[in-house]
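This briefing is meant to be read with the sequence and the coordinates open side by side. It takes up ring pairs, helix packing and one loop position, in that order.

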Amino acid sequence: MSHLFPELPYAYHSLEPYIDAKTMEVHYSKHHRTYYDKFIAAIAGSDLEQVSLSEIFANISKLPAAVRNNGGGYYNHILYWNCMSPNGGGQPKGELGQVINDTFNDFDSFKEQFVQAAINTFGSGFVWLVVKNGQLEIISTPNQDNPLMDVAATQGEPILALDVWEHAYYINYQNRRPEYIEAWWNVVNWDAVTDNYTAAISANK
């Protein structure tokens with residue numbers, strides 16, 4: 001098993017006007033790449049080079065901070081990129097759409113809860129939609145932690161990720177995090193989120 005740095009699934013400008021090309025370029029080629037490079041350096045020469053990220057995260061409390069911080073940054077951004085698309089937006093359909101309605105009453109209520117979690121995340125972190133024991137939950141994690149880590153207050157299988165670090169939006173939105181969050185809904189790739197949901201449910205059966 002090798003940990004590879006993935007290609008961005010679309011061009012830097014593809015998510016405009018909601019997320020600008022410069023932000024995407026800096027975020028992917030500088031921030032994400034740095035997390036990856038530091039993660040690889042942190043595990044170099046150890047057994048972790050051949051261990052899956054999910055296994056690493058399941059035991060992250062026993063590993064050095066460099067593995068936790070940079071391994072999290074490496075993984076979290078992969079999910080974040082893949083949960084966005086130039087053809088995104090709208091609402092989820094099919095089973096995921098129904099489960100969201102059943103869990104949160106309707107999509108608007110889900111969206112409002114997710115937005116509030118993102119706005120109220122203090123400092124840097126991520127907001128997630130996770131599958132836990134077959135149920136959907138909205139949670140947030142600080143810094144580059146994620147719900148797969150054994151240090152997470154709530155653990156689960158993440159199916160949707162929103163990066164609320166300032167570097168995700170500061171070039172275009174400055175300190176206006178709520179505007180960035182509102183714009184982000186226009187690029188959410190519900191097809192990918194649905195695939196993540198299906199995989200999470202199947203893995204728990």
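What follows is a set of notes, grouped by topic, on a predicted model.

The structure holds 22 aromatic pairs, and two of the pairs, which share Phe110, are set out below. A pair of aromatic rings is described by the distance of the centres and the angle of the planes.

**Ring pairs around Phe110**

- The ring centres of Phe104 and Phe110 lie 5.2 Å apart while their planes stand at 50°, and because this angle falls between the limits of 30 and 60 degrees that bound the other two classes, the pair is classed as tilted.
- Phe110 also pairs with Trp190, where the centres are 6.4 Å apart and the planes meet at 65°, so that this pair counts as edge-to-face.
- Since Phe110 belongs to helix H5 (residues 107–119) and Trp190 to helix H8 (residues 190–203), the pair ties together parts that are 80 residues apart in sequence.
- Each of the three residues counts as buried, because the cut-off is under 20% relative accessible area: Phe104 has 6%, Phe110 has 0%, and Trp190 has 6%.

**Aromatic cluster and a charge over a ring**

- One aromatic cluster is formed by Phe5, Tyr12, Tyr28, Tyr36, Phe39, Tyr74, Tyr80 and Trp81.
- Phe5, a member of that cluster, has Arg33 lying over the face of its ring, at 4.7 Å from the ring centre.

**Packing of H1 and H3**

- Two packed helices are described by the angle between their axes and the distance between the axes.
- Helix H1 (21–43) packs with helix H3 (residues 65–82) at an angle of about 140°, and the two axes are 8 Å apart.
- Because angles count as roughly antiparallel only over 145 degrees, H1 and H3 are classed as oblique to each other.
- The crossing in which H1 passes H3 is left-handed.

**Ser52 in the loop after H1**

- Is Ser52 buried or exposed? Its relative accessibility is 14%, and Ser52 therefore counts as buried.
- Ser52 is placed in the loop that runs between helix H1 (21–43) and helix H2 (53–58).
- The side chain of Ser52 makes a polar contact, at 3.0 Å, with the side chain of Glu55.

Terms used:
Residues are numbered from 1 along each chain as its sequence is written. This is a predicted model: local features need pLDDT of at least 70, side-chain atom pairs count only at pLDDT 80 or more; totals for chains, interfaces and linings use all residues. Side-chain values use heavy atoms; hydrogens and water are left out. Helices (H or I, at least four residues) and strands (E, at least two) are DSSP runs, numbered from the N terminus. Buried means under 20% relative accessible area, exposed over 50%, partly exposed in between (1.4 Å probe, protein chains only). A polar contact is a pair of N or O atoms within 3.5 Å; within protein, one must be able to donate a hydrogen and the other to accept it, and residues adjacent in sequence count only if both atoms are side-chain atoms. Rings of Phe, Tyr and Trp (its six-membered ring) pair if their centres lie within 6.5 Å; planes under 30 degrees apart count as stacked, over 60 as edge-to-face and the rest as tilted. A charge sits over a ring if NZ of Lys or CZ of Arg is within 6 Å of the ring centre and within 35 degrees of the ring normal. Axes are lines fitted to C-alpha atoms, for helices over the stretch in contact, and angles run from 0 to 180 degrees between N-to-C directions. Angles under 35 degrees count as roughly parallel, over 145 as roughly antiparallel, 65 to 115 as roughly perpendicular and the rest as oblique. A crossing is left-handed if the near helix is turned anticlockwise from the far one by less than a right angle, and right-handed if clockwise.
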